[in-house]
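Please look at the internal cavities of the protein shown here, and consider which parts of the chain line them.

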Amino acid sequence: MLPHHTQEPNYQYYLEGGGEMGQLIREYDWSKTVIGSPEQWPQSLLTTISTIISSRFPMFLWWGPELIQFYNDAYRKSLGDEGKHPTALGQAAEACWPEIWDTVQPMISQAMAGGDATWCEDILLPIFRNNQMEDVYWTFSFSKVKDLPGKPGGVLAICSETTAKVQADQKIERTLAELAESEAKIRYMLDDAPVSIVLFTGPELIIESANKQAMLEWNKGEEIIGMPLALASPELSGQPFFSLLQTVLASGEPYNGNEVRGLLKQDDKLEEFYANFVYQPIKDSHGKTKSILMVANVITEQVLARKKVEQAEEMLRLSIESANVGTWRMDIETNTFFTSPRMKELFGYGPDEAVSLADTLDQVHEDYRKQVADAIIKSIETGTDFSIVHPIVGRDHGDTRWVRALGRLYPMAIGHPAHFSGMMLDITEQKQDEIRKNDFIGMVSHELKTPLTSLNGYLQLMMLRLKAPNDLFIASCLNKAHVQVKKMTNMINGFLNLSRLESGKIHLDMADFDLSHLIKEMIEESNTTLQQHTISLATCEAVTVYADRDKIGSVVSNLLSNAVKYSPKGKKIEVNCRITELAAQVSIKDEGMGIKPQSLGKLFERFFRVETKHTENISGFGIGLYLCSEIVEHHGGKIWVESEVGIGSTFHFSLPITN
């Protein structure tokens with residue numbers, strides 16, 4: 001066993017730092033004082049001094065029965081020059097503060113005796129500094145510092161000089177008093193203010209002064225100055241304003257009115273108004289309210305506009321309820337999800353059940369669930385509108401219903417957090433009609449496709465077995481018939497794909513293939529039927545993609561066909577294919593008529609056609625680019641266009657590259 005040693009505290013560690021006062025404390029000969037040298041100081045004194053000198057807040061310490069003094073740099077500033085500093089360091093309190101001793105001694109004694117800490121705010125304690133007596137204001141607290149158990153060691157004063165603040169407040173009070181005493185000054189300063197300012201005096205509320213805005217809003221002239229308010233505006237009788245003014249006179253307390261409604265006489269009839277106003281009591285030197293200053297801002301237009309908005313919102317709510325539309329709202333910060341009773345009903349939940357976004361996604365048909373979730377994420381991240389049609393399966397009854405969901409992200413505004421909200425409409429009946437229509441189109445397209453296939457085969461056989469190669473007329477006729485059959489076949493295939501796409505039955509036969517080979521095939525096939533255009537392949541690197549070869553082939557074929565249709569005879573059509581970091585990008589450039597900027601955003605919509613005098617004789621139903629867009633997006637790619645009127649257009653689409 002080793003003997004137990006009690007290690008004396010290293011006083012130098014506690015007296016480190018502290019700026020000017022830290023250095024003065026270390027250099028002071030404390031052995032000549034009643035508390036002795038620092039080696040003898042108790043732990044509590046060392047700890048307290050360490051805290052004081054390291055703080056940037058003014059602190060002062062009296063220690064021991066003689067109240068020997070310590071203070072830090074922050075407090076030293078309040079002692080000024082040619083005053084108590086540096087004599088106050090190590091000095092007894094009573095010798096240092098004769099001018100305020102009668103005030104502070106009882107507080108110090110209370111703390112030393114173990115009483116509650118004191119608190120004084122903006123108290124005047126004149127002290128000698130800067131070679132003179134100065135009025136100094138303080139906010140401070142005196143609290144006991146413990147030494148040994150049950151024995152007080154000293155008193156810590158945590159204080160802040162508030163002289164500048166108090167003097168500023170006093171100056172403001174004097175200024176306000178001077179302004180209140182001078183009607184001429186108030187009228188001069190406030191006559192052109194954009195708010196109504198009126199001074200009422202005495203129990204009869206005599207109108208001592210009123211600025212131009214008040215006269216305008218009251219529809220009065222200078223004749224009302226000096227009149228009692230009840231005589232100047234008798235229509236205010238029975239309204240709350242008289243009683244409010246009398247209450248302010250009696251209590252001396254200001255009154256703030258917010259959107260208070262009233263009636264004023266305007267051109268021999270009462271007109272409704274709304275105002276925000278303050279009734280501010282003006283007191284004399286004895287503290288008695290003698291006048292009331294009214295500052296009022298008429299906000300009739302704003303209030304009526306807001307009420308119209310509220311009425312419109314209520315009408316919208318009633319319209320939504322009558323239309324049987326479900327609504328939702330999601331707080332972006334908290335992800336809290338709110339749904340209307342109709343929304344819950346559509347998904348098969350009871351009106352009192354809590355429903356989360358995940359709960360609603362669970363009821364979306366599994367074939368559409370990822371598409372809906374991706375559309376929500378895209379709308380929230382990019383701020384684009386959310387619009388999608390999809391089926392849902394009711395949780396309670398299992399029935400499948402079709403809905404149209406519309407929404408958007410609303411960014412954060414004053415008083416309103418960012419939220420994603422919208423509405424949902426049951427379109428089951430319309431969707432079923434549409435599906436039946438698409439099924440019919442698909443059936444008819446399929447039936448028409450069979451004889452066309454046979455006819456196309458016969459034409460090809462006839463062209464191969466043509467015995468008179470010099471018979472240019474027959475060869476030309478067969479070639480033209482073949483072109484027309486191909487056009488009709490493409491048209492029927494387009495309707496068939498549209499029917500499958502909108503019925504949710506489009507099938508992608510995915511496989512790896514070389515995109516460059518497909519593009520070359522499509523160009524060769526197109527060039528065989530062209531006489532007045534030439535399609536050239538500028539660049540096309542070999543690249544493997546995982547996609548439906550036939551569907552991508554129809555995209556390329558459709559874009560090539562459009563480039564031919566909308567380009568004048570003899571113009572060039574150029575195809576490029578390049579590889580980016582994540583995708584293969586195909587571009588088809590023509591030298592055609594170009595597309596106006598206002599039409600670019602609608603170009604890939606179903607049944608949209610650019611209508612100009614140049615397109616009147618160009619055939620088409622406006623489904624080709626829509627199908628291209630849907631096929632590319634189903635592959636996880638993108639399609640877009642760049643165009644300049646009179647110069648031409650370049651259509652681009654990209655497909656993910658197989659890793």
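The report below covers the enclosed cavities of this structure and their linings.

The model is a predicted one, and its cavities of 30 Å³ or more come to a count of 3. The two described here are the largest and the second largest, set side by side in the table.

| Cavity | Volume | Lining residues by class |
|---|---|---|
| Largest cavity | about 160 Å³ | 13 nonpolar, no polar, no charged |
| Second largest cavity | about 130 Å³ | 13 nonpolar, 2 polar, no charged |

The largest cavity has a lining of 13 residues, and those that lie nearest its centre are Trp-62, Tyr-75, Ile-100, Leu-125 and Phe-142. At least two residues of this lining come from each of strand E1 (59-63), strand E6 (137-146) and strand E7 (152-161), with E6 giving the largest share at 3 residues. By class, the lining of the largest cavity is made up of nonpolar residues, with no polar and no charged ones.

Around the second largest cavity there are 15 lining residues, of which Met-343, Leu-357, Thr-360, Ile-376 and Met-424 lie nearest the centre. Here both helices and strands take part, since at least two lining residues are supplied by each of helix H13 (341-347), helix H14 (357-362), helix H15 (366-382), strand E15 (386-393) and strand E17 (419-426). Helix H14 gives the most to this lining, with 3 residues, and the lining of the second largest cavity, though it includes 2 polar residues, has no charged ones.

Methods
Residues numbered from 1 in each chain as written. Predicted model: local features only at pLDDT ≥ 70, side-chain atom pairs only at ≥ 80, totals over all residues. Heavy atoms only, no water. 1 Å grid on protein atoms, 1.4 Å probe; cavity = no way out; pocket = protein on both sides within 12 Å on 5 of 7 lines; lining within 4 Å. Points joined across faces, edges and corners; volume = space filled by probe spheres on them. Helix = DSSP H or I, 4+ residues; strand = E, 2+ residues; numbered from the N terminus. Nonpolar A, V, L, I, M, F, W, Y, C, P; charged D, E, K, R; others polar.
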